[in-house]
Amino acid sequence: MPPFPSQAEVEETLKRIQSQNGVQGIIIVNTEGIPIKTTLDNASTVQYAGLIHQLVMKARSTVRDIDPQNDLTFLRVRSKKNEIMIAPDKDAFSNKTSFLLY
Amino acid sequence: MKKSSLVFNSSSRAMNTSVAGHQVSQSSRHKWNFAGSQTRRNSILVGGSNRKRNILDRNANQAPRKPVRVLDNDGNDVTPLPLYHAEPGDMPSKPGRFLDEIFSSSESDQLKSTSSFNMRSFGSFLGSSLPSSLSTTASMTKGTEDSVPKLDIPIIPPPPCGQRKRDNVKQHVTEEMLDDVVDVCLTETDTISLFDLPPLIFMSEDADDTKAIKERNLQYAELCKNRTGNDKYVERSMQTFSGAPKEKQIQTDKIVMVDEGTFATIWDIYDSFCDQNKNPESEKANNPETTVNTSKGHEKRGEKSSSTLSIGSTIGSLLEMETCSLNAESNPELIMLTESFQHSLLVMERSIVANLFQPKLAAYRQLPIIKDPDSTVKPETEEKSEEGEESSSSPTLERLWAFSCELTRGWNITCMVWNKENPDLLAVAYGDCDSTNQKPSLICCWSLKNPTWPERVFHCHSCVTSLDFSANNPSQLAVGMYDGTIAIYTVQSRNNIHCIANSSECSKRHLKPVWQVNWSKQEITLSGEDRVEALVAVSADGRITKWLLCSNGLECIDLMKLKKTKNSKKKAVESKKKTEHMGSALTPGLCMDFHPTDSSVYLVGTWEGLIQKCSVANCHNVLETYQNHFCPVNSIEWSPFSPDVFLSCSSDWTIQLWKQECLTPVLSFTSAQRAVYAVRWSPNWSTIFAAINGLQVEIWDLNLSILHPTIVHQAAPGVTVTSVLFSRGTDCVLVGDSEGQVTVYQLKNLSVGQGKQVTKAVNT
């Protein structure tokens, strides 16, 4: 068995998520906030990436200010029309976040 | 000396009492009587004149002074005579400074007389020696001149009196006189020492030092004396050259200022502190990453310089950042393969699914179902509520959801089992038990949090017939297969090897299908450790074996051999005697169950329809034989609430309820004319059990009726129901069918009392 999961599994998981009922799109963002994979159109992707990045930083900063040993694990933003779910990365500062519109 | 010191030319009305007294006492033994008052404020300048007094009055409020007459003991009038008599038309000296007064008056007095004033009398008090010449009356000058002894200062011959007159005339200066040219003669006064404190050398006892110092002092004094007029010393002046100034200009680039702000957040401080401790331990490879991260963090935190990098960063870190960013961009795939990304994906998937399944899961967990406030789907909810109202009266199974995915579609479910530690984890075995073809089968571990995709998928080479999770090691799953193999899988990690033990190498392994595997906690071992868990399997070859996990693999010990009875129709009441048929006449065992409290006793259901109660200790004899079924006993289970009661079901369409002591069944249940494949007690209620017979799921409630099942749920057409499982702590039941679906049903409207014992029901 390979020490790390195969590419195929990751792709499969992404496909499954995308095919869930009600999911509009997935964006995967790297450390700097640049989207590396997306299922939405370019303009929306860039917009979302930029805006969400700042939000995540703020949220994480808030959580950690209260208790530095704590960390943000998941962030959901519910609005009237849809819900944005953000899963930030575990590493302290390198935000490889993936978030999607639902 | 005395006399000379006593000479005061003028009455010292203005003298300090102390001084006068002091001097007086110093200088003579005569006693003086003072008449009149003298205030401290009186200036030393003696002044008998009215003008002086006026000045003094201006300075301080004084009582008008009476003339003072000093008389010694002999009655001589030794009143100090006034030193100064102010002339009419004298310039008034400026009020204010004491010394100013002294000097001004002294200057004016200079003109007048050469009378001297005995300095010494004042010297010790004031430390000052006034200029020698003070004005006195002309009559007294002569006398005083002679009597003046030493003087500290040479007498400056006063300028001719004409000047004084001129001064006097100037007093009455008119405007015309202002235009006159006035000659002002400036002369240097003598060095006026205001204070002379002779050096007090603390003479230590050390003779060397003192002598040397004294000698040096003397030498120096000599030198000073000799300096004047000595050839060795010449006056010389120096001048430093100032170089010619030169202009020079310099130009620099404009220094650009940038404002930089940063937050010293609590977590930032904490992170830096942790990194400090971590960094010396971490490998080199990690270091550039961490530095990149932090410097990038700086950039992020700065925020004001969003497009430009902060000035504070060094060139080195800049380069690092660039290279790393390049790396990052070129390897988005790498990111996706990291574990943390996987985890993020997992969490994301579960969240979405939780969103979708929230009402169902809430119902499962017996939580209130929250209606989505933003849901736009209104008509559906209305329909559902209507349906709910209709079926609210009678007990029924309400379908919540089904565990299914493409992977498992079409498979036949053979076994389902909950994890002992994590009640959300379910292991399901899929496979076709076909004796002709050994088809590979599937084991899926599902989590309640994601009913759309299994957490783990294992492939087995043979059809899996039985599963059981271990209680001691909750991640271990025992698998019994159709070809007789027993394997232990670990479900812990997604990536590691799953099968940790396999019985295919064991010599005593089963060659026939293993129908059931059970983990069972045995008695406490001699070493007093935790209760050892043994894996016990019952197989179609008639053996009940106990398996142990050792370093080589699985080793087995025979616990019991199920022997065929001579005549299955005979009712063997006490079959403790051995049958004479020995050897290979073993009957397949189909199911087994360990006693819930006494783990050394277990029941085995056989192909012949016998139920044998056996003991772990005794491997030759059975304890009891319960005979009623005449077809293979498919399933057997002790009641979790009543320790003496157990249920058995068989292909002879019946379900029998037994009590341990009684060899005949207490109750018998028949509902449909089909073989009953499985029967399960409910872990939550003592009087409820479920049974499946291929086409329907029956829920029996012994409280309500012993003749008919309370709930009968038909399977979908074409689908056979193959396994059933209750879930602990909630009123749901899982049903597995031949389509690969595990459907979760909720028992609705089952009015059950929890504390009732089956025995009560039985007895009534």
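**Exercise 1. Describe the surface and make-up of chain B in this predicted model.**

Solution.
- Start with the surface. The accessible surface of chain B comes to about 44000 Å². Carbon and sulfur atoms account for 54% of that surface.
- Turn to burial. Chain B has 764 residues, and 42% of them are buried.
- Count the elements. There are 15 helices and 28 strands in chain B.
- Look at sequence separation. Take the contacts in chain B between residues at least 6 apart in sequence. Of these, 56% join residues at least 24 apart.

**Exercise 2. Work out how helix 2 of chain A and helix 9 of chain B are oriented to each other, and list the residues in contact.**

Solution.
- Locate the helices. Helix 2 of chain A covers residues 42–66, and helix 9 of chain B covers residues 266–278.
- Take the axes. They come within 7 Å and cross at roughly 75°.
- Classify the angle. Angles of 65 to 115 degrees count as roughly perpendicular, so helix 2 of chain A is roughly perpendicular to helix 9 of chain B.
- List the residues. Helix 2 of chain A contributes A:Ser61, A:Arg64 and A:Asp65. Helix 9 of chain B contributes B:Ile266, B:Trp267, B:Tyr270 and B:Asp271.
- Sort them by class. This contact has 3 nonpolar, 1 polar and 3 charged residues.

**Exercise 3. Decide whether B:Thr743 is buried or exposed, and find its contacts beyond its neighbours in sequence.**

Solution.
- Place the residue. B:Thr743 lies in strand 28 of chain B, which spans residues 742–748.
- Check its accessibility. The relative accessible area of B:Thr743 is 6%. Buried means under 20%, so B:Thr743 is buried.
- Find the partners. Set aside neighbours within four places in sequence. B:Thr743 is then in contact with B:Arg399, B:Trp401 and B:Ala402, and also with B:Val733, B:Leu734 and B:Val735.

**Exercise 4. Examine the phi angle and the exposure of B:Trp653.**

Solution.
- Place the residue. B:Trp653 sits in the loop between strand 19 (645–650) and strand 20 (655–659) of chain B.
- Read phi. It is near 70° for B:Trp653, a positive value in a residue other than glycine.
- Set that against the general pattern. Most residues other than glycine have a negative phi.
- Check exposure. B:Trp653 has 40% relative accessibility, so B:Trp653 counts as partly exposed.

**Exercise 5. Search for disulfides, then classify B:Cys415 and B:Cys732 by burial.**

Solution.
- Search the whole structure. It yields 0 disulfides over all chains.
- Take B:Cys415. At 12% relative accessibility, this cysteine counts as buried.
- Take B:Cys732. Its relative accessible area is 0%, so B:Cys732 is buried.

Terms used
Residues numbered from 1 in each chain as written. Chains lettered and ligands numbered in written order. Predicted model: local features only at pLDDT ≥ 70, side-chain atom pairs only at ≥ 80, totals over all residues. Heavy atoms only, no water. Axes fitted to C-alpha atoms, helices over the stretch in contact; angles between N-to-C directions. Helix = DSSP H or I, 4+ residues; strand = E, 2+ residues; numbered from the N terminus. Parallel < 35°, antiparallel > 145°, perpendicular 65-115°, else oblique. Contact = heavy atoms within 4.5 Å. Nonpolar A, V, L, I, M, F, W, Y, C, P; charged D, E, K, R; others polar. Disulfide = S-S within 2.5 Å. Buried < 20%, exposed > 50% of the residue type's maximum accessible area, 1.4 Å probe, protein only. Areas by Shrake-Rupley, 256 points an atom, 1.4 Å probe, with all protein chains shown as cover.
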